[in-house]
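Visitor: I should like to go through the terms applied to this model and ask on what grounds each one is used.

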Amino acid sequence: MKKTMLLLSIFSFTFAQESLEELKRQLEEQRRQIRELEKKIEALEKQKSEAKEEVKEEQKPAPADRSLQLKSKYDERLKALQIIPTSQRSFLNLSLIVDTSFVARNKNDQEFKRLEIPGLYHRHEGNGHGHGTLNEKRGFNLNYAELYLYAPVDPYFDLYATIPFSEDGSEVEEAYAVTRGLPFGFQFKVGKFRSSFGRLNAQHPHVWDFANQPLVYKVFLGDDGLKEKGVQLNWLAPTPFYLLFGVEVLQGENEQSFGTEGFKVNTKKDGSGTDITVGDTKKPNLYVGFVKTSFDVGNLSVLTGLSFATGHSRINHLEGDDPHAFAGKTQLYGFDLTAKYFLDSYRYISFQGEYLYRDQKGTRYGYNNAGDLRTAELKKEQGGFYTQLVFKFDKRWRAGFQYSLINKNDVKRNGVKRNLPDNLPAYYAMLEYSPTEFSRIRFQVGQNRAFFHDGSRKTVNEVILQFNFAIGAHGAHPF
């Protein structure tokens, strides 16, 4: 018994000693990190002091200092594209964002689900995605709870993941790796991510200035936007202003304009005829290119860009009252412009707008009144835009107005133009209060006059009270 007690005492002493050594190691590591942070703070204070001296002397900065200033501006723009400079990275970052809302609408939920836009938007029954459909139902909505993770993998890669949850389910919305230090201004991204096509697409919903997605994004890219598996290569040009070029090779599964999976269609609507098979597209299927630039003029900062996407299309709407499908090719063009004028350190006026144009050609499969399959050469030329103005008039208050318009909806079957509606508008106004950067309360009112049902236009009036909360470390909001 005494030997057993002695052995237990020796074991306890050894374990305690090892635990003490581990605590000492962790303490030394924290001290090392603190020393590194102190060095960075000293360097920043030195740069700040030098900048003050230059202002006093009223001299133009030397070329080396000018480079530092430009790099600082580049870093701010890179944040908007989720390109985080190595010097700003830390260890594991974890955050949770919750978005909920109360909706009052003049259409009940079943009426709202049936609404469509002829030639442009066909609603599906539930999308099964983590974000669900934002503000979908009257009354209370839990739009999503979004888990965000980031950490460096090693000296060569960083890893990001975004996992939204909703009552419809969950998904891995983004999971990608980014290189940390490629030479000559290059950066490589691989995994699943939001495409950098346009301006709004790369942003998560909690960053949007309004509770709803702009109409032109909904009809061309769907409720979830363009997020795909693939690769992206960026090049930041060594110019005296911000200039970024990028290309993406993506799987191309977006169901609104592209799609990869083939389908079977029967020559009879009741299924009694012969099946016709339309094969899958080649994979990867979607190619995207973009150029973005930014510059400052006094207190005015401007960010603008051009985008292009091309790929084959497989769109399957064979389920439902009006079964049809499409096989062809789609080209999508985009122009975006953001201008922000700073009145002082926290007040600003911001303008943002995008124009999207879609050119789609291929074969449509559908049924006539007798239930017989009919194919037709289909050509679509469609375009639209949104513009918005946001005024931050106080440290915690913002107000804004957004206007969307589909101004072109030309659809031809076998060369004959269909009489489809265009000039389809939607407009919203919002007032927002943010107690801190981690919470936001937004009141929004608006009207959408783009929806139709049974051939007649249906005006949707709605009021939305939105609440958004975030905990943990999260990336900086884009410019």
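**Salt bridges and cavities**

Guide: In this predicted model, the side chains of K379 and E381 meet in a salt bridge, with 3.6 Å from N to O.

Visitor: Why is the contact between K379 and E381 called a salt bridge?

Guide: The rule asks for a side-chain nitrogen of Lys or Arg within 4 Å of a carboxyl oxygen of Asp or Glu. The N to O distance for K379 and E381 is 3.6 Å, so the pair meets the rule.

Visitor: What makes K379 and E381 partly exposed?

Guide: The class lies between the cut-offs of 20% for buried and 50% for exposed. K379 has 32% relative accessibility and therefore falls in that class. E381, at 24%, also counts as partly exposed.

Visitor: Which residues do salt bridges with shared partners join into one network?

Guide: That network consists of E171, E173, K192, R194 and K227. By the rule, the count comes to 17 salt bridges.

Visitor: How do you know that K229 and E253 form a salt bridge, and why is the pair said to tie parts together?

Guide: Their side chains meet at 3.0 Å, N to O, and the limit is 4 Å, so the term applies. K229 lies in strand β7 (residues 227-236), while E253 lies in the loop between β8 (242-250) and β9 (263-266); the pair therefore ties together parts that are 24 residues apart in sequence. At 39% relative accessibility K229 counts as partly exposed, and E253 has 39% and is likewise partly exposed.

Visitor: Why is D372 called buried, and what is the class of its partner K268?

Guide: Buried means under 20%; D372 has 19% relative accessibility and therefore counts as buried. K268, at 35%, is partly exposed. The side chains of D372 and K268 meet in a salt bridge of 2.5 Å, N to O. D372 is in the loop between β14 (348-367) and β15 (373-392), and K268 is in the loop between β9 and β10 (275-278), so this pair ties together parts that are 104 residues apart in sequence.

Visitor: What makes a space a cavity, and how many are found?

Guide: A 1.4 Å probe must fit there but be unable to get out. The search of the whole structure finds 4 cavities of 30 Å³ or more. About 420 Å³ of space lies in the largest cavity.

Visitor: Which residues and elements line the largest cavity?

Guide: The lining has 31 residues, and L134, N212, Q213, K218 and D223 lie nearest the centre. The elements giving two or more residues to this lining are α4 (215-221), β18 (424-436), β19 (439-453) and β20 (456-472). The lining residues divide into 13 nonpolar, 11 polar and 7 charged.

How values were computed:
Residues are numbered from 1 along each chain as its sequence is written. This is a predicted model: local features need pLDDT of at least 70, side-chain atom pairs count only at pLDDT 80 or more; totals for chains, interfaces and linings use all residues. Side-chain values use heavy atoms; hydrogens and water are left out. Helices (H or I, at least four residues) and strands (E, at least two) are DSSP runs, numbered from the N terminus. Buried means under 20% relative accessible area, exposed over 50%, partly exposed in between (1.4 Å probe, protein chains only). On a 1 Å grid over the protein atoms alone, a cavity is a set of points where a 1.4 Å probe fits but cannot get out, and a pocket is an open set with protein on both sides within 12 Å along at least five of seven lines; lining residues have an atom within 4 Å of a point. Grid points are joined across faces, edges and corners, and a volume is the space filled by probe spheres set on the points. Ala, Val, Leu, Ile, Met, Phe, Trp, Tyr, Cys and Pro count as nonpolar, Asp, Glu, Lys and Arg as charged, and the others, Gly among them, as polar.
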